[in-house]
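Visitor: Please give me a close reading of one part of this model, beginning with the sheet and the helix lying on it, and then follow the packing onward.

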Amino acid sequence: MNAGTDATTLLDSVCTAIRACGASPDGVAQPAAILWPDPAQQWLLLKPALLRHLPELVALGPYEPGARTGPAIWLRCVVDRALGEGVVPPDRIPVVYLPGVARQSLRAGDDCPSFLRPLVELLYRGSVWLQRGGHEWSVTAFLASPQGLGLDVGRDQATRTALLRALAEVGATPVAQLRGRRLEADDFDQLLAPDPVRDLLQWMSEPSATRERMGPQRWEAFRSQARQRFGVDPAVDGELKAGELLARSDQGPWHEAWKRFAEAPTAYPGMVDLLRRAQPNELLLEPSRWPTINEAKEAEVRAALAKLKTLPHAQACTRVLVLEGEHSPRRSWVWHRLQLSPMATLLDPLARLAHTAQSPLGGGTPREIAEGYVQGAWEADAASWEAVALTTAADEDLVREAVHALLGPWLEESARALQRVTDAHSLNRQDTPPAPAAEPGSCLLFTDGLRYDVGRRLAERLERQGYRVQLVHQWAALPTVTATAKPAVTPVASEVIGEKLPEDFAPMFRGTRKPVAADGLRGALRACGYQLVDEAGDVPGSPEARGWAEAGALDSYGHKLGEELARQVAPEIERLVERISALLDGGWRSVRVVTDHGWLLLPGGLPKVDLPKHLTASRWKRCAVLAGWSEADAMSVPWHWNSAEQFVTARGIACFNESPSYAHGGISVQECLVPDLLVERSDAHTLRASIQAVTWRGMRCFVEARCSGGPVTADLRLEAPAGMSVVAAAKSLNAEGMASLVVRDDAFEAAPLVLVLLDEKGNVLAQKDVRVGVAS
């Protein structure tokens with residue numbers, strides 16, 4: 001949206017958009033004025049408010065200099081700064097509002113009405129606030145256009161009339177309240193119709209502005225309603241008394257008013273401050289109604305979390321669980337919806353972390369440890385990055401230390417448990433199926449560093465989208481670095497061997513004896529008959545094709561961002577969901593997601609152990625190749641590709657000679673146990689559809705598709721598959737797979753659109769980015 005943000009009102013957005021017309025490139029003179037033609041006088045009801053918000057605004061009309069209104073010759077004098085009274089601030093570009101005047105009238109030459117001729121020259125020295133297509137901005141166009149507010153507004157005459165009738169109220173309404181639904185005549189009529197509860201809350205939130213906006217007659221009506229219904233006179237009793245009554249009452253009209261406030265608290269931005277000021281000096285108050293009580297409880301949590309690092313691990317876990325029990329009810333308070341309870345929010349993932357971290361992983365074999373992890377212990381790792389991702393800048397250090405105190409000891413003990421059993425039971429592909437191979441019609445999707453807990457969250461997200469997901473686990477190749485572990489999860493693993501352990505841990509191809517690198521892997525996959533999807537496109541080359549694709553940047557983010565990786569995990573999951581969906585939409589029958597290794601992530605840094613450089617041929621964060629016959633106080637482990645070759649890894653969760661927050665290459669369940677997901681369409685997705693061609697005739701879109709299995713509906717959405725519909729009506733595909741859609745407004749002519757094909761439940765079967773007039 002170009003005109004403003006959801007935190008602004010229509011009035012704010014109009015002012016921002018108009019002022020943007022005065023921008024000019026470096027070296028180019030500013031326009032002498034910004035002309036605002038309004039041939040239908042639709043914006044006239046906003047003129048009083050606009051004059052208050054835009055000190056540089058002047059309007060065409062009868063001579064009233066006090067109201068910054070006058071004839072064309074007076075407007076020209078204002079623009080030329082020829083009047084000594086300083087009508088427009090000297091640092092502002094004059095905005096000339098022209099109700100009843102079309103731009104074309106000013107361009108009519110000798111046919112231009114004589115009373116407008118003093119303004120004609122401003123067309124060439126100034127700029128004009130117009131739509132991208134050159135039309136004047138109507139109110140409806142500004143609300144609905146992507147270059148305006150991008151709202152979903154009905155196009156019928158009743159809605160247009162109601163919008164103009166309620167324009168003053170619409171202008172003062174936050175844009176966020178208008179978004180997310182189709183706005184019809186009833187919506188605008190309700191804004192204008194008397195609503196004593198809303199009026200009361202708006203007055204309490206912004207007393208002066210609300211009274212000014214109401215005007216004398218409506219203000220008196222509101223006073224009468226408030227006296228009769230709520231027992232207060234806004235002009236006499238004031239907002240502080242009203243605030244106390246609002247927060248104290250648990251029944252009657254004031255309780256209804258509280259429920260209205262709690263349903264949409266962001267609509268009343270001044271209410272929090274009012275209730276802070278209105279709180280009486282008493283002990284027995286309902287705690288959920290007063291923001292100062294919530295703030296005191298937030299401070300209690302912060303103080304308790306700050307002490308976690310001083311407690312033994314078991315006590316720290318217990319303390320967090322007690323805090324969760326005390327403060328979880330606050331997540332139902334209105335202050336949580338206003339994002340004023342970040343500590344109550346944070347306690348949710350911290351409590352899940354503390355609950356799991358109370359018991360370190362254990363078992364007599366790697367399989368037993370893996371079973372314990374997949375049956376629930378993985379939640380500790382997921383909760384740790386979820387907690388960090390929720391943190392505000394002001395609490396970063398506090399949360400980092402809290403997560404470190406809860407997670408660090410558990411990671412250490414769990415890693416050492418796995419390392420102990422690994423001495424007797426090698427992890428090198430134990431209990432692991434052969435290297436993955438795609439079934440005909442299926443695609444393998446490799447993602448670097450998809451840790452098991454992230455894989456679980458990915459599976460949950462895919463299932464919520466309606467896909468069928470089978471999730472299994474396996475041990476990664478050792479050491480858990482990409483050079484070693486990636487070749488082991490490719491269909492060409494049998495063509496890879498290891499001889500002497502190289503410094504970069506990379507094996508070689510059996511035939512060429514060349515080290516395995518990205519280009520070589522792609523060539524081997526091609527030779528093995530795989531379609532490289534990232535090169536050839538998402539659509540299978542044939543019904544029996546087998547595909548290989550790569551996506552994801554978790555490992556890259558981890559090395560680059562450290563503990564800030566936590567904020568990227570959820571967005572990365574969404575990107576993987578989009579990639580998998582695109583592959584299935586492209587025609588692959590299933591997608592199998594494979595990965596090479598996991599990782600350790602500990603805010604505040606992993607412990608450090610020394611490994612002198614002169615003892616090593618290469619030294620990475622968690623693994624190293626020793627030089628010659630050197631010995632080190634580290635764990636020796638066979639290399640996956642040649643068990644006669646050994647590398648060393650730091651014990652526990654330590655890193656060699658540094659203390660990063662993110663690392664992999666060693667032996668821990670987080671690094672070694674990786675997910676393997678098979679994603680297919682569920683019964684809800686058995687319907688198949690694909691877009692074959694899109695052509696345009698004016699604003700009408702002609703769709704040709706291929707579908708089978710049931711009825712399919714076509715729609716055009718703004719910017720995203722879940723965006724607002726921009727068509728007069730979505731249409732079902734006919735028996736030939738064809739439909740035509742009419743874009744309802746030329747405001748969307750240059751907008752990015754998405755053509756979607758939908759099943760009866762609204763699931764997206766296929767999608768394609770389109771633009772009006774561009775065939776594809």
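Guide: Helices (H or I, at least four residues) and strands (E, at least two) are DSSP runs, numbered from the N terminus. The model is predicted, with local features needing pLDDT of at least 70 and side-chain atom pairs pLDDT 80 or more, while totals for chains, interfaces and linings use all residues. Residues are numbered from 1 along each chain as its sequence is written, and side-chain values use heavy atoms, without hydrogens and water.

The open sheet has five strands, ordered β3-β2-β4-β1-β5, with parallel pairing (at least two DSSP bridges between two strands). Its edges are β3 (69-70) and β5 (127-128), each paired on one side only. Strand β1 (residues 34-38) is joined to β5 by two bridges, and Leu35 stands opposite Val128 of β5. Across β2 (57-60), β3 and β4 (95-99) lies helix α3 (residues 72-79), at about 160 degrees to β2 (between N-to-C directions of axes fitted to C-alpha atoms, for helices over the stretch in contact, on a scale from 0 to 180 degrees; contact means heavy atoms within 4.5 Å).

The packing continues in the largest nonpolar core (buried Ala, Val, Leu, Ile, Met, Phe, Trp, Tyr and Cys joined through side-chain atoms within 4.5 Å; buried means under 20% relative accessible area, with a 1.4 Å probe and protein chains only). Among its 115 residues, Leu305, Tyr373, Trp410, Leu458, Ile580 and Val679 touch the most other members. Helix α21 (residues 396-422) contributes most, with 13 residues. A separate core of 41 residues includes Trp36 and Tyr97.

Note on methods. Buried < 20%, exposed > 50% of the residue type's maximum accessible area, 1.4 Å probe, protein only.
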